[in-house]
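Student: I have a new structure in front of me and do not know how to read it. Could we take one residue to begin with, and then work outwards?

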Amino acid sequence: MNNVSLIGNLVRDNELKYTSNNKAVLKNTIAVKRDYKNANGEYESDFISIVAFGSTAELLSKYTDKGSKVGVVGKIMTGS
């Protein structure tokens, strides 16, 4: 099963585009802070690309921007 839940902050302004058949697609990256400190006593973050579609993409574009804390539930897909 491929399920993921992440909480983090958007690292840049949202990139909202529409496909040729007018479907909304939003792309951004979230910074997810690790739950442990490194050797220097600092928290590190992982940067994870996210994509949202349809009404979810439009709502994210309307109500969030760089620095907003978001929760993401979905699946991980790798490849090009």
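Tutor: Start with L26, which counts as buried because its relative accessibility is 1%, and buried means under 20%. Keep in mind that this is a predicted model.

Student: In which strand does L26 lie?

Tutor: L26 is part of strand β3.

Student: Which residues does L26 touch, if those up to four places away in sequence are not counted?

Tutor: A contact list shows what surrounds a residue. For L26, the list is N14, E15, L16, I50, V51, A52, A57, L60 and S61. V73 can serve for a distance reading: it is 47 residues from L26 along the chain, and their C-alpha atoms are separated by 15 Å.

Student: How do I get an overview of the chain?

Tutor: Count the elements, then read their order. There are one helix and five strands, and from the N terminus on the order is β-β-β-β-α-β. The C-alpha trace spans about 50 × 30 × 20 Å along its principal axes. Of the 80 residues, 24% count as buried.

Student: What share of the contacts between residues at least 6 apart in sequence join residues at least 24 apart?

Tutor: That share is 52%.

Student: How should I read the pairing of strands?

Tutor: Look at the direction of the two strands, the bridges that join them, and the residues that stand opposite each other. Strand β2, residues 15–18, runs antiparallel to strand β3, residues 24–37, and four bridges join them. Within this pair, K17 stands opposite V25. Strands β3 and β4 also run antiparallel, joined by 10 bridges.

Student: Which residue in β4 does V32 stand opposite?

Tutor: V32 faces D46 there. D46 also appears among the contacts of V32, which are L6, I7, G8, E44, S45, D46 and I48 once neighbours within four places in sequence are left aside.

Student: What should I look for in the hairpins?

Tutor: Look at the residues between the strands and at their backbone angles. The hairpin of β2 and β3 has five residues between the strands, and N22 takes a positive phi near 65 degrees. The hairpin of β3 and β4 likewise has five residues between its strands, and there G41 has a positive phi near 80 degrees.

Student: Why look for groups of nonpolar side chains?

Tutor: In soluble globular proteins, such side chains tend to be buried together. Here the largest nonpolar core consists of seven residues, V4, L6, L10, I30, V32, I50 and V70. At least two of them come from each of β1 and β3, and β1 gives the most, with three.

Student: And how do I read a pocket?

Tutor: Take its volume, then its lining. The largest pocket holds about 710 Å³ of space. Its lining has 25 residues, with S49, I50, V51, V72 and K75 nearest the centre. The elements giving two or more residues to this lining are β1 (4–10), β4 (43–53), α1 (54–63) and β5 (69–74).

Student: Which element gives the largest share of that lining, and how does the lining divide by class?

Tutor: Strand β4 gives the largest share, six residues. By class, the lining has 15 nonpolar, nine polar and one charged residues. I50 links several of these readings: it touches L26, belongs to the largest nonpolar core, and is among the lining residues nearest the centre of the largest pocket.

Methods: Residues numbered from 1 in each chain as written. Predicted model: local features only at pLDDT ≥ 70, side-chain atom pairs only at ≥ 80, totals over all residues. Heavy atoms only, no water. 1 Å grid on protein atoms, 1.4 Å probe; cavity = no way out; pocket = protein on both sides within 12 Å on 5 of 7 lines; lining within 4 Å. Points joined across faces, edges and corners; volume = space filled by probe spheres on them. Nonpolar A, V, L, I, M, F, W, Y, C, P; charged D, E, K, R; others polar. Pairing = 2+ DSSP bridges. Core = buried A, V, L, I, M, F, W, Y, C linked by side-chain atoms within 4.5 Å. Buried < 20%, exposed > 50% of the residue type's maximum accessible area, 1.4 Å probe, protein only. Contact = heavy atoms within 4.5 Å.
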